[in-house]
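Open the model in your viewer, show the chain as a cartoon, and keep a selection panel at hand. The tour moves from the whole chain to a few chosen places.

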Amino acid sequence: MAHSPRSRQPRRRRWVWRSVFGLVLALVVAFVVAPGLVLAHQVLGLKKTVSRLEAGNRAHNFGAVAQQINTLESEIAHLRRTLGWVSYLRWVPGGVGQKYRDGQDAVAALNEGMKGVHVLLPALARIAPLAGYHVGHTHVRSGQQKIQAFVSQLAVLVPDLTRAYPDFKAANYDLALAHPQDFSGYLAPVGKKLLTAQSLINTVVKNMPLVDHSAVALQSILGYPHAKRYLLIFQNSGELRATGGFMTAYGYVTVDRGKLASIKAQNMYLLDAEVTYHPPASTVIATYLPVYYWHLRDANTSPNVPTTVQYIKRFYASIPGAPPVDGIIFIDTWFVDKLIGDVGGITVPTPKGPVQLNAQNANMKMEYMAEGQGLPDSVRKKFIGTMMKTLFHDVFHSHGLELARVLKTVNQSLNQKFILLNFNNPAAQKMVEEYNWGGVMDKNVSGDYLSVVDENLLGHKDNYVMSYHITTQVRRVHGRYQETSRITYRDPAVDNGWLFVPYHSWVRFYVPLGSTLISITGVDGIPPETYNNTVVNKTVFGGHVDLPARNAKTDPVATHTVTVRYWLPPGVNPARLTVQLQPGVNHQTLTVEEGAVTRTVAFTHDMIFHFPS
């Protein structure tokens, strides 16, 4: 029986719908299911590779780590190609498209970063033993051996760093395009990791050129190819001075190709006794210390370390037979405390038996040995030198986790200005200043500027427990900018007559050159200072401070505030504020206020603030 046209029409429709359905299904399989399955398989493979890499890292097996890095590089390249199959997802609304774009940027960054790591693998293999990794039969034991090996490898590391830099730069660019804030809810950990990765790669890229350019300077600092001798100055931050503390001890450190050839340490008074240069003391020193002549031990009066170094060199040059030095290294109490903790404490020999020092008791025990026992000068002045020699012997022979703690402390202390460096070699000094490790006051600041410098004058060792709060506030008054800056002291120490006494100091406010003083309150004694320091391009306001005595724990904690109010010079834009930290200060907070914006932070390093114009 023949089919009518009407009976053939439903079959044709069914055939069309089946064809459409089959086509859609094929497209879904080809462009969604298949790529999804491939992506899932690749992500699972990535996780396994990362797990094997982490296991190799925990075992300090560099060969295993390198093998997994090569595997990871290949897997990430495959993942990037697979993501290209589903590039249409970038146009899907509802946040899916943005997450896809973020993921694609992150994978592209990983791809570029792995290329850079691959380039660096030969260099990493050379220095891996310095970090405790097993590479063949290479084995480096002590911290001193590791420094020597690092110095010898610096020259060959630089070419690899130069070749890898473009890959890391490209990775940084790609990763910066991703938006961590797009990942919320159950995806929040992804956003957090992405933010961490952005910060890490940005830091690497920012520092790679500096490491590259500084390699030769760093070799020179570490005594390669010629030995270097440095004057090491220990500053007691319990008695705060402009560059970090009273210069209580000194030493000579000789470094030869990364090896600590020798170290000698003595009380600063012994070196001061050999000085033949005796200029008159400044008005402040003569009035409040009080002394008639200016001494080497009080030479660190400028918070700009290069200026203080020139003062010290003038005294040092007058010492008959003083050995030449290639630079000056300042270290302070807080750094020494941390080092003592890093090496697990030290034992210092004394005529009355060994003294055990740890990070918690070092300051008080050293002060008691030096001041509290009533020992003869020859004995008490020798103790600090003996302590320094003992400590540095232990530091340079550290290894393993102990060495890792020491290196971390050195890095933190450089950034917090507990260590200050100044070298005769111009290339080395340039490197120090680029890293902000030299205690240099910024001469050419764009915008507003503030640095508050306090100097303990006969306050004994109150700065062990003293805390400071600095505030600065800018207001527009009759078309001009008026700034009010304050320092508030808080001293909980109870007067015991030898370590803690009522606090006396001289405080200075360094502000933009050409600022005009309106008022200063909270100072006493001789008239306040107001002058222009053209060496650092700053105007300075300063005066003497007396804190009230605290005779018992039941008495209120001693507090005091010094306030300066001044007009900023025309042309200074307060929307950008640079605040530089005084070296040697360990307990300090900072509040800045401009217009309707107020920010309070822990003040542990130099800071730049930006405000709405």
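The stops below begin with the whole chain and then turn to its cores and to two buried residues.

**The whole chain**

Keep everything selected at the start, bearing in mind that this is a predicted model. The protein chain has 13 helices and 19 strands, and of its 613 residues 47% are buried. If you draw the contacts with a separation of 6 or more, 69% of them join residues 24 or more positions apart. Switching to a surface display shows about 29,900 Å² of exposed area, of which carbon and sulfur atoms supply 60%.

**The largest nonpolar core**

Next select Ile331, Ile346, Leu357, Met387, Met388, Leu391 and Leu421, the residues with the most contacts inside the largest nonpolar core, which has 48 residues. Colour helix H11, residues 377-396, since the largest share of this core, 8 residues, comes from that helix. In soluble globular proteins, nonpolar side chains tend to be buried together.

Now centre the view on leucine 421 and display what surrounds it: with residues up to four places away in sequence left out, leucine 421 touches Ile328, Ile329, Leu414, Gln429, Val432, Trp437 and Gly438. Apart from the largest core lies another one, of 32 residues, which you can find by selecting Ile487, Tyr503, Ile520 and Phe541, all among its members.

**Aspartate 454**

Move to strand E8, residues 448-456, and pick out aspartate 454 within it. Which side chain of opposite charge is nearest to aspartate 454? It is that of arginine 508, 8.5 Å away, and aspartate 454, although buried, has no salt bridge. A salt bridge would require a side-chain nitrogen of Lys or Arg within 4 Å of a carboxyl oxygen. What the model does place beside aspartate 454 is serine 505, the two side chains being joined by a polar contact of 2.8 Å. Beyond four places in sequence, the residues that aspartate 454 touches include Leu240, Arg241, Tyr468, Tyr489 and Gln582, as well as Tyr503, which you have already selected as a member of the 32-residue core.

**Alanine 171**

Finish on helix H4, residues 143-176, where alanine 171 is found. Is alanine 171 buried or exposed? Its relative accessible area is 3%, so alanine 171 counts as buried. Leaving aside neighbours within four places in sequence, show Ala109, Glu112, Gly113 and Ile201, with which alanine 171 is in contact. As a last step, draw a distance from the C-alpha atom of alanine 171 to that of glutamine 198, which lies 27 residues away along the chain and 9.5 Å away in space.

Note on methods
Residues numbered from 1 in each chain as written. Predicted model: local features only at pLDDT ≥ 70, side-chain atom pairs only at ≥ 80, totals over all residues. Heavy atoms only, no water. Core = buried A, V, L, I, M, F, W, Y, C linked by side-chain atoms within 4.5 Å. Buried < 20%, exposed > 50% of the residue type's maximum accessible area, 1.4 Å probe, protein only. Helix = DSSP H or I, 4+ residues; strand = E, 2+ residues; numbered from the N terminus. Contact = heavy atoms within 4.5 Å. Areas by Shrake-Rupley, 256 points an atom, 1.4 Å probe, with all protein chains shown as cover. Lys, Arg positive; Asp, Glu negative; His and termini not counted. Polar contact = N/O pair within 3.5 Å; in protein donor to acceptor, adjacent residues only side chain to side chain.
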